[in-house]
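This report describes the architecture of a two-chain model and the contacts between its chains. The sequence and coordinates are shown first.

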Amino acid sequence: MRIANIYNLGIKELRGLMRDPMMLVLIVYAFTAAIYTASKAMPETLNHAPIAIVDEDQSPVSSRIVTAFYPPYFTAPLLISQPEMDSRMDSGTDTFALDIPPNFQRDLLAGRSPTVQLNIDATRMSQAFTGGGYIQSIVSGEVNEFLDHYRSKASLPVDLDLRARFNPELNKGWFGAITDAISSITMLSIVLTGAALIREREHGTIEHLLVMPVTPFEIMTSKIWSMSIVVLAASGLALVFVIQGLLSVPINGSITLFMVGAALDIVAMTCLGIFLATVAGSMPQFGLLLMMVLLPLQVLSGGVTPRESMPIAIQAIMFAAPNTHFVMLAQAVLFRGAGLGVVWPQLAALLVISALLFAFSLRRFRQFLK
Amino acid sequence: MNARPDAGVALPSGCVARLENVGHAYGKVRALDAITLDFPAGRMVGLIGPDGVGKSSLLSLIAGARTIQQGHVEVLGGDMADLGHRQSAYPRIAYMPQGLGKNLYPTLSVFDNIDFFGRLFGHDRRERERRIGELLKRTGLAPFADRQAGKLSGGMKQKLGLCCALIHDPDLLILDEPTTGVDPLSRRQFWELIGEIRKGREGMSVIIATAYMEEAARFDWLVAMDAGRVLASGTPADLLERTGAPDLDATFIALLPPEKRDSHEAVVIPPRPAGADGEPAIEAEHLTMRFSDFTAVDDVSFRIGRGEIFGFLGSNGCGKTTTMKMLTGLLEPSEGKARLFGREIDPRHIEVRRRVGYMSQGFSLYSELTVRQNLELHARLFGMADAAVPPRVEEVAQQFGLADSVDTLPEALPLGIRQRLSLAVAMIHSPEILILDEPTSGVDPVARDGFWRILADLSRKRNVTIFVSTHFMNEAERCDRISLMHAGRVLVSDTPAAIVKSRSAATLEEAFVGYLEEATGTQAETAGTRPVPEVPEAPASRPGRSGTGRSFDLRRMFAYTRREALELLRDPIRATLATVGSLILMFVVGYGINMDVENLSFAVLDRDGTTISRDYVLQIAGSRYFTEKAPITDYADLDRRMENGELSLAIEIPPGFGRDVARGRHVTVGAWIDGAMPTRAETVQGYVSGMHAGWLTQKARELYGDAATASAFQLDIRYRYNPDVRSLDAIVPAVIPMLLLLIPAMLAVLSVVREKELGSIINFYVTPVTRLEFLIGKQIPYVALAMLNFGLLTGFAIFLFGVPLTGSLPAFAAAALLYVTATTAMGLFLSTFMSSQIAAIFGTALITMIPATQYSGMIDPVSSLQGVGAFIGRIYPTTYFVTISRGVFSKALSFADLSGAFVPLLVAIPVLLGLGAAFLKKQAR
């Protein structure tokens with residue numbers, strides 16, 4: 001009988017969702033267009049890094065350097081004058097400005113070791129680091145090749161064979177697609193249960209349920225299973241059709257294993273949604289709370305920047321967030337092709353967190369109903 | 001029926017409203033069908049008719065709250081389809097929609113609510129204070145001027161609604177069931193009030209829809225409606241004469257089409273069989289309920305026998321509902337005991353709930369489920385067998401006249417039919433006790449009689465105990481016993497006849513009012529002898545009307561600003577969350593987004609094991625970027641540890657490495673990077689290449705001497721604006737724009753969608769406020785809040801994070817003002833598409849968070865983005881504010897340098913507000 005209640009109440013939730021066409025449109029958007037756009041927008045490694053060159057030498061070697069920068073890594077370099085350089089960097093038009101001094105070629109051949117100045121806009125952290133390295137090696141390469149015609153140089157015959165595994169071209173779009181799918185999952189799971197609960201209270205329907213022979217456990221479980229199924233189905237479809245299909249991101253591991261992890265993460269998030277709803281007094285408060293929870297979850301779970309670079313305290317706190325484990329699991333399974341043997345600690349962590357959140361939210365929910 | 005049915009009756013001079021061939025439909029449901037009707041001016045006109053015949057639709061069309069779909073509506077001498085006329089007519093019309101306090105703002109005080117309407121109609125301060133004082137005095141609300149509207153009783157809410165409607169001296173007052181759910185005493189006071197006001201304003205026309213026939217009998221002119229058509233119209237005497245019926249109730253039934261009329265028969269409740277009183281079904285002993293500041297129920301005791309119909313009467317807010325909630329277990333009494341079937345109520349006891357049916361006062365069923373789905377859901381939840389559900393649903397739908405609307409959503413149904421649905425739901429599982437809280441509020445007389453026949457049947461034939469509260473005296477008379485309640489106490493409890501007798505009154509109503517007046521000591525005031533304050537001669541020149549014709553009026557705009565600000569102040573949690581929340585977020589994101597990649601884990605598969613190979617490894621292990629893990633044993637180990645993400649980098653040194661290096665033989669070191677996270681992989685790539693090169697130079701120097709390694713040229717790298725390359729300095733200036741988007745936009749969206757969902761949007765529909773006044777008025781408080789946030793965030797950035805602000809602070813503040821105006825405008829624009837708060841929250845999070853974090857140059861510059869993302873980045877205001885923020889914080893820039901980024905912000909504001917105004921609807925559909 002209890003199972004029947006959980007089933008019937010869940011069906012009610014699903015029917016309610018069907019009545020909100022705007023919500024359905026948003027769900028579809030979140031799992032298709034939003035993921036697709038974000039993935040396609042992500043620059044592949046260094047992409048179109050804006051660079052300008054002040055060529056005060058106008059020699060064969062300087063023009064060699066100028067022609068060495070071309071798309072897609074860099075924009076076709078603009079030749080500018082020195083005064084222009086400052087204003088362009090101030091306005092953020094260029095991230096890099098390379099200044100080749102007068103008489104560069106002459107000094108080079110004379111072995112006077114002239115200095116090329118590279119200005120980097122360090123407020124653009126992501127490009128500043130990678131781009132700086134690239135430019136350094138491009139300029140060195142061109143200069144050395146030029147010099148090789150004139151003299152030979154002793155060097156050690158040790159090569160470094162660098163290879164990126166799992167994503168050989170370091171295509172950021174692959175990773176971005178998964179990260180966005182995960183943030184959509186998080187956002188939707190919390191909103192669907194949490195906001196729906198507040199709505200029930202604002203409309204007085206929750207009180208009505210309480211005079212019927214149903215328990216808070218049944219009410220909460222019904223909300224969780226029904227909304228979890230929606231989110232799980234949406235994420236599964238997005239993974240197969242949008243990420244694997246449309247974006248042709250190669251998936252190395254088992255989709256089933258990923259979905260199991262996703263299910264656990266969704267359960268944890270829906271519980272979190274219920275918890276937030278019991279804390280928030282009204283919908284605007286819930287909206288703000290949502291932002292306050294969502295943003296850290298998204299930014300600090302390791303999906304945007306690597307976890308190991310975060311302060312230890314944040315790492316420790318985020319270890320309690322289901323997202324962190326889910327991001328680890330998603331990376332391991334989808335990209336590294338890891339199996340159950342590898343990701344079981346994440347699954348176990350998700351299971352424990354979901355169970356704790358469920359128990360905690362249920363307690364809050366019971367109090368909330370009183 | 002298209003011809004005017006009252007053709008024979010002389011019309012009074014002039015019409016306040018004329019309807020010609022007016023039709024209205026909600027989807028497939030026709031609410032009004034070719035109505036042609038004249039409303040006489042200067043009269044009290046009543047609309048009577050069953051639920052769902054289109055009375056409310058008709059009134060909202062006259063008020064200009066709905067778009068006219070078909071036909072011609074002329075009000076106050078102009079066409080209501082014409083925007084120009086509507087704009088000039090709004091200040092002369094007052095509209096009070098159906099539902100208790102539907103157009104009031106529950107968190108605002110009584111005074112502030114009326115004040116808001118006064119401002120909307122452009123009265124100045126003195127004028128407002130005079131009018132409010134007077135209205136409050138007349139309605140007896142003066143002592144409650146500071147109480148929140150949401151905490152008023154139903155009758156007081158209706159009086160407040162009336163005050164709000166009357167503040168601007170309307171020529172036409174439209175009241176949609178103003179006394180539904182209001183107790184008899186308050187109802188009497190309400191009509192006295194209207195009478196007095198009409199005395200003071202001779203020309204005022206009043207159009208009222210009502211379910212109370214005894215009220216309708218006092219009106220000047222009546223229109224009887226059924227099924228979207230007009231049955232008859234004329235004076236009450238006229239109608240009585242035409243039908244030859246003794247009273248209006250009977251008249252109304254006589255006017256109905258035959259098939260409906262035939263189904264009606266008078267309610268006869270057989271007496272209770274003697275000796276039926278066995279074990280009581282419901283017992284209350286000294287029930288007391290205290291809330292923090294007042295006692296809602298004070299020492300209430302009663303016993304209700306099985307099969308008895310027990311009535312509960314009392315003024316609004318007297319504790320009836322609270323008592324009922326204690327009996328259902330929804331509230332736990334502070335003191336006293338309640339027993340059902342001799343067993344004390346235990347909220348955890350599920351079995352008892354199966355035997356009880358409860359109907360709460362407000363409609364509390366699922367508006368997203370159809371009538372049938374609601375019935376089925378409740379039948380199943382009460383544990384009915386699957387096979388039994390459909391026939392039972394069918395039966396109940398027939399019984400309650402819901403058969404025609406089983407597949408309709410409750411929202412599309414009129415109040416009366418929704419009430420029937422609630423009742424049907426309460427009875428679906430054939431409970432032994434029914435607890436019904438004002439079940440017939442807003443239900444028409446025919447349906448009410450049908451309803452009482454069902455109750456009689458249940459009580460007498462099935463021995464169901466019924467505990468019912470009501471405001472209808474004819475219903476109270478049908479009960480076996482009734483209790484009168486006031487201010488939490490039971491005044492008297494007896495059979496209706498005995499109560500009438502005890503007061504030696506003519507009717508139950510008289511007895512009831514007598515008891516109440518005795519209890520409140522207000523006799524002198526209510527009997528019409530209350531000193532009528534000098535009726536304000538509506539000044540010949542209406543001072544407040546001056547601004548109403550203007551297309552943009554600052555006073556109206558500020559009325560919304562003030563109201564929104566007051567609401568924000570009354571909800572300190574929201575304001576605190578918005579400010580403290582953004583500081584916390586800045587803290588978390590500022591420290592969390594760290595572009596300095598450090599502590600990367602790596603391990604070595606050293607197949608050489610010589611000093612040279614260890615020297616090579618030391619080069620990496622010694623740097624602060626890498627942390628060395630246990631050595632890799634073989635390829636399987638390498639694969640496993642990279643798969644589970646333990647290693648970001650694996651180095652393989654081939655056998656004979658040391659020997660080959662020493663002999664100058666060509667040798668290759670293998671390095672695998674975890675590419676699952678591309679940004680990190682790139683950084684690792686850079687680090688490893690650099691260290692490899694460094695090691696080579698060092699070795700070459702050892703082997704060949706310094707000369708060999710003198711480089712051909714120097715590359716002098718200058719990290720501008722952030723010489724230490726502090727991640728915080730780069731991220732914090734970008735976090736401020738993000739937070740000033742997310743939170744203000746969310747608040748702005750909800751401020752509008754909330755009004756839509758809770759119903760107060762109707763004030764925007766029927767007052768002279770224009771779209772821009774409404775939007776900008778609502779926007780201002782959120783802009784102010786966002787600017788406060790801006791100040792806090794900037795201060796935090798400078799003093800706590802130690803990010804130096806090198807540029808012009810005034811330029812930054814000016815840009816912030818433009819930016820938050822744009823972000824709140826964006827929220828308002830989004831709000832025009834959303835009708836539910838859930839969709840609004842999700843939609844706003846979706847539409848703001850991704851572009852703000854990914855397309856606005858916070859991490860990757862906009863110039864490097866591709867496709868749609870790049871397009872969004874270029875038109876998104878955040879992009880430009882990020883440029884300004886970074887420019888001011890790190891690049892020491894001022895107004896002149898940043899002018900290029902100001903322009904898009906300046907453009908965004910009118911575009912977003914214009915779009916918002918264009919998509920916002922000024923009338924309901």
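Two strands are taken to pair if DSSP finds at least two bridges between them. The model discussed here is predicted. In chain B, B:Arg18 stands opposite B:Asp38 of strand E2. Strand E1 of chain B, residues 15-26, is joined to E2(B) by 8 bridges, and the two run antiparallel. Both strands belong to an open sheet of 4 strands in chain B, whose order is E2-E1-E4-E5 with antiparallel pairing. The edges of this sheet are formed by strand E2 (29-40) and strand E5 (78-79) of chain B, each of which pairs on one side only.

**Chain B as a whole**

Chain B contains 34 helices and 25 strands. Its radius of gyration is 37 Å, whereas the globule rule gives 29 Å for 925 residues; chain B is therefore more spread out than a compact globule. The C-alpha trace of chain B spans about 125 × 70 × 50 Å along its principal axes. Of the 925 residues of chain B, 52% count as buried. Among contacts in chain B with a separation of 6 or more, 75% are between residues 24 or more positions apart.

**Chain A**

Chain A is divided into domain 1, made up of 2-42 + 171-369, and domain 2, covering 51-148. The centres of these two domains of chain A, taken over C-alpha atoms, are separated by 47 Å. An unreviewed UniProt entry places the feature "transmembrane region" at residues 21-41, 173-198, 224-243, 255-280, 286-304 and 343-362 of chain A. The table describes two of these spans in the model.

| Span of chain A | Helix | Strand | Distance between end C-alpha atoms |
|---|---|---|---|
| Residues 21-41 | 95% | 0% | 28 Å |
| Residues 255-280 | 96% | 0% | 36 Å |

**Contacts between the chains**

How many residues of each chain take part in the contact between chain B and chain A? In chain B there are 130 such residues, in contact with 124 residues of chain A. Helix H26 of chain B (residues 678-704) gives the most to the side of chain B that touches chain A, contributing 15 residues. By class, that side of chain B has 67 nonpolar, 42 polar and 21 charged residues.

Strand pairing also links the two chains. Strand E5 of chain A (residues 158-165) and strand E24 of chain B (residues 667-674) run parallel and are joined by 8 bridges. Within this pairing, A:Asp161 has B:Gly670 of E24(B) as its bridge partner.

Conventions. Residues are numbered from 1 along each chain as its sequence is written. Chains are lettered from A and ligands numbered from 1 in the order in which they are written. This is a predicted model: local features need pLDDT of at least 70, side-chain atom pairs count only at pLDDT 80 or more; totals for chains, interfaces and linings use all residues. Domain bounds come from an automatic or database domain assignment. UniProt positions are given in the numbering used here, feature names are shortened, and annotations may be inferred rather than shown by experiment. Two residues are in contact if their C-beta atoms, placed from the backbone, lie within 7 Å. Ala, Val, Leu, Ile, Met, Phe, Trp, Tyr, Cys and Pro count as nonpolar, Asp, Glu, Lys and Arg as charged, and the others, Gly among them, as polar. The radius of gyration is taken over C-alpha atoms; the globule rule is 2.2 Å times the number of residues to the power 0.38. A residue is buried if 20 or more other C-beta atoms lie within 10 Å of its own, exposed if 12 or fewer, and partly exposed in between; C-beta atoms are placed from the backbone.
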